[in-house]
Number of protein chains: 2
Amino acid sequence: MSRLAKTHQPPYYAVIFSSQRTEIDKGYEKMAEKMVELASQQKGFLGVESAHDGELGITVSYWESLDAIKQWKEHSAHQVAQNRGKKEWYKNFALRVCKVERDNFFEM
Amino acid sequence: MSRLAKTHQPPYYAVIFSSQRTEIDKGYEKMAEKMVELASQQKGFLGVESAHDGELGITVSYWESLDAIKQWKEHSAHQVAQNRGKKEWYKNFALRVCKVERDNFFEM
């Protein structure tokens with residue numbers, strides 16, 4: 001099954017979230033699943049791709065507009081998750097908001 | 001050790017490469033390492049972040065300009081790798097070229 005996000009023609013927006021976790025696991029998986037579920041229900045959500053090895057995680061979510069990203073950032077349940085993330089789960093992270101200008105898909 | 005790319009203030013550019021591999025492993029690791037090494041030597045290269053689980057890989061490389069991305073795309077050794085990738089290693093991939101408009105770093 002393809003795990004690539006089925007985004008439409010550019011332009012659209014991407015949020016690249018790269019992170020390294022602490023040793024604290026408590027509540028993380030459940031919260032991560034809940035956040036993907038909630039984000040998927042947001043207006044302007046286009047898709048998400050996520051991969052992590054033992055050390056680094058990269059999650060890229062795709063959005064229709066900067067406004068949709070702002071709405072999601074300010075979503076109350078997401079705010080709770082962000083705060084717990086900084087206090088407990090993340091050693092460090094980088095979050096980058098980008099405009100996707102062109103894309104290219106390949107399938108065997 | 002931090003595996004996050006130390007990029008400067010936006011704007012700059014990101015190439016998000018999300019892929020799912022075939023069963024063919026031959027030559028892949030060696031080529032992937034060689035490509036990271038070569039890309040790092042390119043003018044305008046800012047950094048790279050890469051994570052893969054058993055099924056999906058996400059590599060994000062960061063660049064000074066669209067021209068730097070174009071030069072790397074057309075690099076002869078990279079062309080060879082791209083062709084082998086399509087013939088042997090990748091079941092599917094999505095490649096997205098983006099302009100990073102803002103970013104946010106966190107460190108505990």
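**Group meeting: a walk through the two-chain model**

I would like to begin at P11(A), which is found in the segment before strand 1 of chain A. Before going further, please keep in mind that this is a predicted model. What kind of peptide bond joins P10(A) and P11(A)? That bond is cis, with omega at about 5°, and it is worth pausing on, since most peptide bonds are trans. In chain B, P10(B) and P11(B) are likewise joined by a cis peptide bond, again with omega at about 5°, and P11(B) has its place in the segment before strand 1 of chain B.

That brings me to how the two chains are related. A turn of 180° with a shift of 0.0 Å along the axis lays chain B on chain A, and the RMSD is 0.0 Å. That is the relation of a two-fold axis. The same surface serves both copies, in that 100% of the contact residues of chain B recur in chain A.

Let me turn to the interior. The largest nonpolar core has 27 residues, and those with the most contacts inside it are I16(A), I58(A), V60(A) and Y62(A) from chain A, along with I16(B), I58(B) and V60(B) from chain B. The elements that give two or more residues to this core are, in chain A, strand 1 (12-21), strand 2 (45-52), strand 3 (56-63) and strand 4, and, in chain B, strand 1 (12-21), strand 3 (56-63) and strand 4 (90-107). There is also a second, separate core of 20 residues, which includes F106(A), F17(B), M31(B) and Y90(B). Going back to I16(A), and leaving aside neighbours within four places in sequence, I16(A) is in contact with residues of its own chain, among them I58(A), V60(A) and R96(A), and with residues of the other chain, including A14(B), I16(B), V60(B) and Y62(B).

R96(A) deserves a closer look. Is R96(A) buried or exposed? At 0% relative accessibility, R96(A) counts as buried, because the cut-off for that word is under 20%. R96(A) lies in strand 4 of chain A, which covers residues 90-107. Which side chain of chain B does the side chain of R96(A) meet in a polar contact? The partner is T7(B), and the polar contact is 2.7 Å. R96(A) also lies over the face of Y62(B), at 4.1 Å from the ring centre, and in the other direction R96(B) lies over the face of Y62(A), at 4.1 Å from the ring centre. Not counting residues up to four places away in sequence, R96(A) touches further residues of chain B, including E49(B), R102(B), D103(B) and F105(B), while A14(A), V15(A) and I16(A) are among those touched in chain A.

Y62(A) leads on to the aromatic residues, for which a search of the whole structure finds 17 pairs over all chains. One of them is formed by Y12(A) and Y62(A), an edge-to-face pair at 6.0 Å centre to centre with 75° between the planes. Since Y12(A) lies in strand 1 of chain A and Y62(A) in strand 3 of chain A, the pair ties together parts that are 50 residues apart in sequence. Y12(A) is buried, with a relative accessible area of 0%, and Y62(A) is buried at 0% as well. A further pair is F17(A) with F93(A), whose ring centres are 5.1 Å apart and whose planes stand at 45°, so this pair is tilted. Here F17(A) comes from strand 1 of chain A and F93(A) from strand 4 of chain A, so the parts tied together are 76 residues apart in sequence. F17(A) counts as buried at 17% relative accessibility, and F93(A) counts as buried at 7%. Both belong to one aromatic cluster with Y28(A), W89(A), Y90(A) and, from chain B, F106(B).

I will end with helix 3. E88(A) lies in helix 3 (residues 76-89) of chain A and counts as partly exposed at 22% relative accessibility. Leaving aside neighbours within four places in sequence, E88(A) is in contact with T22(A), I24(A), K26(A) and, from the other chain, M108(B). In chain B, H78(B) lies in helix 3 (residues 76-89) and is buried, with a relative accessible area of 15%. H78(B) touches M35(B), W72(B) and K73(B), not counting residues up to four places away in sequence.

Note on methods
Residues numbered from 1 in each chain as written. Chains lettered and ligands numbered in written order. Predicted model: local features only at pLDDT ≥ 70, side-chain atom pairs only at ≥ 80, totals over all residues. Heavy atoms only, no water. Helix = DSSP H or I, 4+ residues; strand = E, 2+ residues; numbered from the N terminus. Buried < 20%, exposed > 50% of the residue type's maximum accessible area, 1.4 Å probe, protein only. Contact = heavy atoms within 4.5 Å. Polar contact = N/O pair within 3.5 Å; in protein donor to acceptor, adjacent residues only side chain to side chain. Core = buried A, V, L, I, M, F, W, Y, C linked by side-chain atoms within 4.5 Å. Least-squares fit on C-alpha atoms with pLDDT ≥ 70 in both. Phe/Tyr/Trp six-rings, centres within 6.5 Å; stacked < 30°, edge-to-face > 60°. Lys NZ or Arg CZ within 6 Å of the ring centre and 35° of its normal.
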